[in-house]
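Trainee: Got a minute to walk me through this one? I'd like to start with the overall fold and then look inside.

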Amino acid sequence: MRKATIGDAAIEVIAAEGMRGLTHRAVDRFAGLPAGSTSYYARTRAALLELAISRMIELDEVTLDPPPGRLAEYVAGFAHAAITNGRTRMLARYEFALEATRRPELREAYDRGGLVIRRRCAEVLAGCGSAEPERHARVLVAWLEGTVFDALAGTGSLRPPGLEELTRGAREVLAGLGVAG
């Protein structure tokens, strides 16, 4: 329970202050814990980063089971949730993505989480009639990641897409892949 609280607080700190703002004290403060609590569970900065990314992966474990014939709506809902109530975690994810390019020990954990979602996406697409589910999953995930990034950190943040616009976009991508959405 305490590790989850620390992991959640670390994600919040990273999203709010970036990787430079991530300190044991900042996490203690954000979590409302006594000073030194985070250090007890994660002695080093590397251990704190690992705890935070492990917590993010744990929170990302979702069931991808779209209702039959409603894949576009499901995908759009997923993107909309990431842009709205999942904003903090997505911003932290972008910070981790950049940090993982410089830290091989984070790269492995970051990729492990991403591969789970990509594999499940490929399974869903195969079930919807995709002729090339792995390649199509890559395209769909790239559209999702690009759309969410633009809405949170890009110029698209000036006017993030709503659920209706996201649904139209998801339908267009799925139609381009030849997948029933």
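Mentor: Sure. Bear in mind that this is a predicted model. Along the sequence the pattern reads α-α-α-α-α-α-α-α-α.

Trainee: How many helices and strands are there in the chain?

Mentor: The count is 9 helices and 0 strands.

Trainee: And how compact is the chain, going by the globule rule?

Mentor: Its radius of gyration is 18 Å and the rule gives 16 Å for 181 residues, which is close, so the chain is as compact as a globular protein of that length. Along the principal axes, the C-alpha atoms fill a box of roughly 55 × 30 × 30 Å.

Trainee: OK, inside now. Which residues touch the most other members in the largest nonpolar core?

Mentor: Leu-125, Leu-140 and Val-148, out of 28 residues in that core. At least two residues of this core come from each of H5 (71-83), H6 (87-100), H7 (104-127), H8 (133-153) and H9 (163-177).

Trainee: Which helix gives the most?

Mentor: H8, with 8 residues.

Trainee: What does Leu-140 touch, leaving out residues up to four places away in sequence?

Mentor: Val-75, Cys-121, Leu-125, Val-173 and Leu-174. There's another core apart from this one, with 24 residues, including Ile-11, Met-19, Leu-33 and Leu-106.

Trainee: What share of the chain is buried?

Mentor: Buried residues are 42% of the 181.

Trainee: Switching to charges: how far apart are the mean positions of the positive and negative ones?

Mentor: They sit 4 Å apart, for 24 positive and 23 negative charges.

Trainee: And what do carbon and sulfur atoms supply of the exposed area?

Mentor: They supply 54% of about 10000 Å².

Technical notes. Residues numbered from 1 in each chain as written. Predicted model: local features only at pLDDT ≥ 70, side-chain atom pairs only at ≥ 80, totals over all residues. Heavy atoms only, no water. Core = buried A, V, L, I, M, F, W, Y, C linked by side-chain atoms within 4.5 Å. Buried < 20%, exposed > 50% of the residue type's maximum accessible area, 1.4 Å probe, protein only. Helix = DSSP H or I, 4+ residues; strand = E, 2+ residues; numbered from the N terminus. Contact = heavy atoms within 4.5 Å. Rg over C-alpha atoms; globule rule 2.2 N^0.38 Å. Areas by Shrake-Rupley, 256 points an atom, 1.4 Å probe, with all protein chains shown as cover. Lys, Arg positive; Asp, Glu negative; His and termini not counted. Charge placed at Lys NZ, Arg CZ, Asp CG, Glu CD.
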